[in-house]
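Visitor: I would like a close look at a single part of this chain, the open sheet and the surface beside it. Please then set that part against the rest of the chain.

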Amino acid sequence: QVPAEPTMPRLNSPVLGLSPAVLSAGSAPRRNRTQTCGQVCPARPPRAQSPVCPMADAQAKFKAAADGAYDSYRGLQDQAAGLFPITMLGSKRVLKGHVKKVTCLAWKDHDGPPTLAGADQNHKVILWDAKTAMKKQIYTSSFVMAVDVHPTRDLVIIGTMQNVCAIVDMAPSLSEGNKTRDLLGHDGYIGSVKFIEQGAKVVSAGGDGEVKLWDAERGQEIATMYGHQADAGSISFPSAAKSEQVFCTGSVDKTVKMWDLRQRGCVMTFEAEGEINCVSMFPDGNAVVAGCETCNRSTVEGTAKEAWEDTTGAATFFDIRSGATISKFTRRKQKCTNVQWSRSGRILFISYEDGHVGMWDPWMQGGIKHKIPAHVSPNPKESVVSAMVMSPDGAVLATGGFDSLIKIWGAGG
């Protein structure tokens with residue numbers, strides 16, 4: 001609700017500390033309208049009231065809504081801290097099989113054994129049993145940038161630098177994965193892909209800035225949505241939402257866009273400080289976090305530029321209902337590579353180029369509660385967390401690094 005405008009106190013109000021007696025003693029006597037000549041002076045015409053500017057009124061309402069959203073988020077801090085303390089995650093297992101840098105990861109969203117797909121720069125896509133750390137199937141494809149797993153079948157979809165989305169049969173009974181269909185239509189590399197509607201459709205985003213909706217069974221393009229002015233990627237759906245109609249993407253044009261498949265277009269845009277390389281929607285779909293390559297804090301705030309800004313990334317927390325910026329999370333001289341919410345939204349995971357994953361408390365002022373040494377290596381070139389995904393049930397977190405390893409993290413160590 002928009003708060004009512006405050007009522008200005010009258011001159012004879014006790015609020016100003018001036019009594020009627022003081023006012024009458026220090027002011028000139030009021031002139032009666034009936035003069036000594038007996039004539040009645042004409043009444044002064046009423047002063048025209050200035051019209052209320054619609055834009056100013058809208059801005060006031062928007063500010064009130066933004067302040068209300070900020071307060072509602074901050075109001076959770078004491079309750080969340082007391083009931084759900086953030087504890088350090090421990091290593092559960094390590095998946096060894098990739099030879100070069102891991103580029104992308106994706107969980108299979110189903111009730112069966114935990115299944116994880118990973119791709120690397122050695123042209124290998126591996127489907128893993130994350131519980132036993134055993135390979136289920138392997139497929140060879142060059143320059144894989146994105147991957148997702150079909151929720152009910154042994155299929156994966158990959159996006160490549162060759163402007164192609166490919167659906168691959170990864171059934172364990174096959175000697176090797178077998179490509180069944182290509183989705184052709186992008187004029188740039190594929191930055192992100194996602195199965196939706198139980199695998200019947202696919203959403204993709206690419207280097208051409210376009211977001212496409214596909215019929216996965218027929219391999220046909222259903223719709224193309226425009227809005228980004230540069231490379232688009234990092235498709236994110238809210239994990240707890242029942243509908244798969246609304247999602248977000250990030251772009252190097254420094255914007256996060258929210259899309260509605262029912263309208264076949266962009267319905268909301270957020271502007272960030274730098275080029276966006278990752279986004280994650282809050283589980284209930286009411287907020288989104290975007291990770292940027294650089295901070296550019298001085299440009300936004302109009303202050304003198306500091307040396308650490310060029311090497312510092314920022315993760316910005318946007319509220320979708322009001323359009324407000326709730327908070328920002330930065331580690332000086334560290335660029336963030338991925339962002340992920342826990343299943344409940346209690347923890348925000350942010351990965352960095354120094355090999356750590358920060359466990360942030362988004363509802364408190366305390367910053368990082370723990371730092372997971374996920375892929376820290378004596379070789380700085382290998383100490384990069386290049387991929388990070390939360391399991392569908394929220395029990396474990398998977399990370400992939402430049403050290404060619406995939407690690408599973410969970411409670412208890």
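Guide: What follows starts with the sheet, moves to the surface beside it, and then goes on to other parts of the chain. The model is a predicted one.

The open sheet has 4 strands in the order 6-7-8-9, and the pairing is antiparallel. Its edges are strand 6 and strand 9 (178–184), each of which pairs on one side only. From one strand to the next, the twist averages 25°. In general, the strands of a sheet pair through backbone hydrogen bonds, in either a parallel or an antiparallel sense. Within this sheet, strand 7 (residues 155–160) and strand 8 (residues 164–169) are joined in the antiparallel sense over 5 bridges. To find the register, start at Ile158, whose bridge partner in strand 8 is Ala166.

Now the edge at strand 6, which covers residues 144–149 and includes Met145. Met145 belongs to a nonpolar surface patch together with Phe143 and Met161. The three residues have about 290 Å² of accessible area together. Met145 counts as partly exposed because its relative accessibility is 35%, which lies between the 20% and 50% limits for that class.

Phe143, another member of the patch, sits in the loop between strand 5 (134–140) and strand 6. The backbone of Phe143 deserves a check, with a positive phi of about 55° in a residue that is not a glycine. Most residues other than glycine have a negative phi. His123 is a further case, with a positive phi near 70°. The place of His123 is the loop between strand 3 (115–120) and strand 4 (124–129). With 31% relative accessibility, His123 is classed as partly exposed.

A hairpin elsewhere in the chain can be read in a similar way. Strand 18 (residues 276–281) and strand 19 pair in the antiparallel sense over 5 bridges. Ser280 has Val289 of strand 19 as its bridge partner. The two strands form a hairpin with 5 residues between them. In the turn, Gly285 has a positive phi of about 85°. Strand 18 is mostly covered, with 5 of its 6 residues buried.

Strand 19 (287–292) also leads to a charged contact, since the loop between this strand and helix 4 (297–301) holds Glu293. Glu293 makes a salt bridge with Lys335, and their closest N and O atoms are 3.9 Å apart. Lys335 is in the loop between strand 21 (325–330) and strand 22 (336–341), so the pair, 42 residues apart, links distant parts of the chain. Both ends are partly exposed: Glu293 has a relative accessible area of 27%, and Lys335 is at 22%.

The structure holds 12 salt bridges, and their settings can be compared by burial. Arg321 and Asp319 form one of them, with the closest N and O atoms 3.5 Å apart. Arg321 is exposed, at a relative accessible area of 56%, whereas Asp319 is buried, at 1%. In another, the side chains of Arg346 and Asp361 meet at 2.8 Å, N to O. Arg346 lies in the loop between strand 22 and strand 23 (348–352), and Asp361 lies in the loop between strand 24 (357–360) and strand 25 (368–372). These two residues are 15 residues apart and link distant parts of the chain. Arg346 and Asp361 are both buried. Glu210, Lys212 and Glu221 are joined into one network by salt bridges that share partners.

Finally, the chain as a whole. There are 4 helices and 28 strands. The chain has 413 residues, of which 47% count as buried. Among contacts with a separation of 6 or more, 46% are between residues 24 or more positions apart. The accessible surface of the chain is about 21,200 Å², and 51% of that surface belongs to carbon and sulfur atoms. The nonpolar patch of Phe143, Met145 and Met161 is one place on that surface to inspect.

Definitions and conventions
Residues numbered from 1 in each chain as written. Predicted model: local features only at pLDDT ≥ 70, side-chain atom pairs only at ≥ 80, totals over all residues. Heavy atoms only, no water. Patch = residues over 30% accessible without salt bridge, like charges linked within 9 Å, V, L, I, M, F, W, Y side chains within 5 Å. Areas by Shrake-Rupley, 256 points an atom, 1.4 Å probe, with all protein chains shown as cover. Salt bridge = Lys/Arg side-chain N within 4 Å of Asp/Glu carboxyl O. Buried < 20%, exposed > 50% of the residue type's maximum accessible area, 1.4 Å probe, protein only. Pairing = 2+ DSSP bridges. Axes fitted to C-alpha atoms, helices over the stretch in contact; angles between N-to-C directions. Contact = heavy atoms within 4.5 Å.
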